[in-house]
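User: Which residues line the largest cavity? Please take a close look at that part, then place it in the wider structure.

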Amino acid sequence: MKQWHQAIRPRQWQKQKSLGATPPMVLAGGFLALIIMGALLLLLPWSRHGPLSVADAFFTATSAVTVTGLGVVDTASHFSHFGQGVLLVLIQLGGLGFMTFGVLVLLLLAGKVSFSHQFLVKESLNQTQLTDVMRLVRHLARFVIVAEGLGWLLLSLIWVPEMGWSKGIWHALFYTVSAFNNAGFALSSDSLNRYVDSAPVNLVITALFMTGGIGFAVVSELAQKRRYKGLSLHSRVMLWGTLTLAFGGMALFLLIEWNNPETLGNLSIGGKLWASWFQSVSTRTAGFNTIDMSGMRPASVMLFIMLMFIGAGPGSTASGIKVTTFVVLLAATRAFLLRRPQTKVMNRAIPAVSVFKALAVTLLSTMLIFFAIFVLSITDHDKPFLDLCFEVVSAFGTVGLTRGITPELSETGKVLIMVMMFLGRVGPLTLGFLLATPKVHRVRYAEEPVSIG
């Protein structure tokens, strides 16, 4: 397992000025600083149309920086264009990762970046190799400009005729940035419900948050190799995992909700298909909705909780334990049941350290979620238990879907949801590295088995 120790630093880095903090501490501190600055800007009089408490400002800023989308006030009616612009900047910085953005600025101004900053970007993008980081950052910058520019243009073509020039262009820009960064912030209280059977809106919005959620390393590799056979195992797992979860979730949602009058029951067949596709892919990452979340049947709620827990891809704008983590856990379980010596995925063996990391991420995430649900069950015991579970997993997965209880949570409950959004964005392993003190173990103990299961 990695340890942030002086001895493993690259020689070039050791000659440079020390940051005085581990990479996880810098990343977590950066997100925290963004939240504080965002909350202060949202509290300015020209950011809002009415009163905004300090707690609600911090909740909204946390939701934007962690690209979650949960809100305690209505974004469209409560914030001015300046306030919505602040949210847009926070979403963009939080989605790309503030270190990635900082490196892009350094590249533009100075043309070079120190090894220490490259190392931080490697952690920010969840990469295993330092050598390809700068190339990935350059590809990321071009990809973001092209993807968001194209999304803005297409949504403008849809909404300018409907809303007029200024409102249509502003809505197109806001939804483009929010969707690409998987934030889920919307400029109407019912999210995208009015476009439930609109093919153009469904296609553009889902394309934006799927490309943002699959991971920049995968996109970069697809742009370079353009052949499935030449892709790395990581990219192939992400592509197959994403498609399986998207179409599997869509099929199950259709079966469960087909006759439910509060969700799909009153829609045409085309509308049912569009709504099921949209919710299946949005639930793991983006947090937009085209149907009423509070009208879903319990089986759909459980399905969505599972999808939100899995999340999207490593190094993406989304959170959750990640698709690759879920696949490695399934493969490790299969290898154990078949008594195979190695964990195998697509005819490649997974290193033991990756299996341990997957176990650690999942166990830490599960423990955090159980703890949050336990506390919310005490502080907000008057709300349905299933809604509390949905809210906690949505916050941890930085998804942003809600069954309508976010503004009604107690002050303690709101603070807890803020903490879950923050931990979900910086990652459970970062928390683990922050709490753990690196030690060099010189003694190996004798092994003795214990009964498991």
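Analyst: First, the term. A cavity is a set of grid points where a 1.4 Å probe fits but cannot get out, and its lining residues have an atom within 4 Å of a point. The model is predicted.

A search of the whole structure turns up 2 cavities of 30 Å³ or more. The largest holds about 60 Å³ of space. Its lining consists of Phe209, Met210, Gly213, Ile214, Thr242, Val281, Arg284, Thr285 and Ala312. Helix H10 (199-213) and helix H13 (269-284) are the elements that give two or more residues to this lining. H10 gives the most, with 3 residues. By class, the lining divides into 5 nonpolar, 3 polar and 1 charged.

The second largest cavity has a volume of about 40 Å³. Ala331, Arg334, Ala335, Arg340, Gln342 and Lys344 line this one. Helix H15 (residues 323-337) supplies the largest share, 3 residues. Here the classes are 2 nonpolar, 1 polar and 3 charged.

Now the packing. The protein has 453 residues, and 53% of them are buried. Its elements are 19 helices and 2 strands. Of the contacts between residues at least 6 apart in sequence, 69% join residues at least 24 apart. The largest nonpolar core has 105 residues. Tyr175, Ile205, Phe288, Phe304, Phe390 and Ile417 have the most contacts inside that core. Another core, of 9 residues, lies apart from it and includes Ala331, Val345, Val355 and Ala358. Ala331 also appears in the lining of the second largest cavity.

Phe390 is worth following. Beyond its neighbours within four places in sequence, Phe390 touches Met293, Met296, Val301, Phe304, Ile305, Met308, Leu401, Thr402 and Arg403. Phe390 is one of the buried residues of H17, alongside others such as Leu388, Val392 and Phe396. In total, 10 of the 12 residues of H17 are buried, so this helix is largely enclosed by the rest of the structure. The geometry of H17 (residues 385-396) checks out: at 1.5 Å a residue it should span 16 Å, and its end C-alpha atoms are 17 Å apart, which agrees. Just after H17, Thr398 has a positive phi of about 45°.

Leu70 ties into this region. Leu70 sits in the loop between helix H3 (54-65) and helix H4 (75-78). Leu70 counts as buried because its relative accessibility is 1%, and the cut-off is under 20%. Its contacts outside the local sequence include Glu391, Ser394 and Ala395, as well as Leu401, Thr402 and Ile417. The C-alpha atoms of Leu70 and Ala183 are 8.9 Å apart, although 113 residues separate the two along the chain. On the H3 side, Leu70 contacts Phe59 and Ser63, and both of these are buried. H3 is largely enclosed by the rest of the structure, because 9 of its 12 residues are buried. Just after H3, Val67 takes a positive phi of about 45°.

Finally, an open space. About 560 Å³ lies in the second largest pocket. Its lining counts 28 residues, and the closest to its centre are Ser188, Ser189, Ser191, Asn289 and Thr402. The lining has 9 nonpolar, 15 polar and 4 charged residues. Thr402 links the pieces: it is among the contacts of Phe390 and among those of Leu70.

Notes:
Residues numbered from 1 in each chain as written. Predicted model: local features only at pLDDT ≥ 70, side-chain atom pairs only at ≥ 80, totals over all residues. Heavy atoms only, no water. Core = buried A, V, L, I, M, F, W, Y, C linked by side-chain atoms within 4.5 Å. Buried < 20%, exposed > 50% of the residue type's maximum accessible area, 1.4 Å probe, protein only. Contact = heavy atoms within 4.5 Å. 1 Å grid on protein atoms, 1.4 Å probe; cavity = no way out; pocket = protein on both sides within 12 Å on 5 of 7 lines; lining within 4 Å. Points joined across faces, edges and corners; volume = space filled by probe spheres on them. Nonpolar A, V, L, I, M, F, W, Y, C, P; charged D, E, K, R; others polar. Helix = DSSP H or I, 4+ residues; strand = E, 2+ residues; numbered from the N terminus. Expected span 1.5 Å × (residues − 1).
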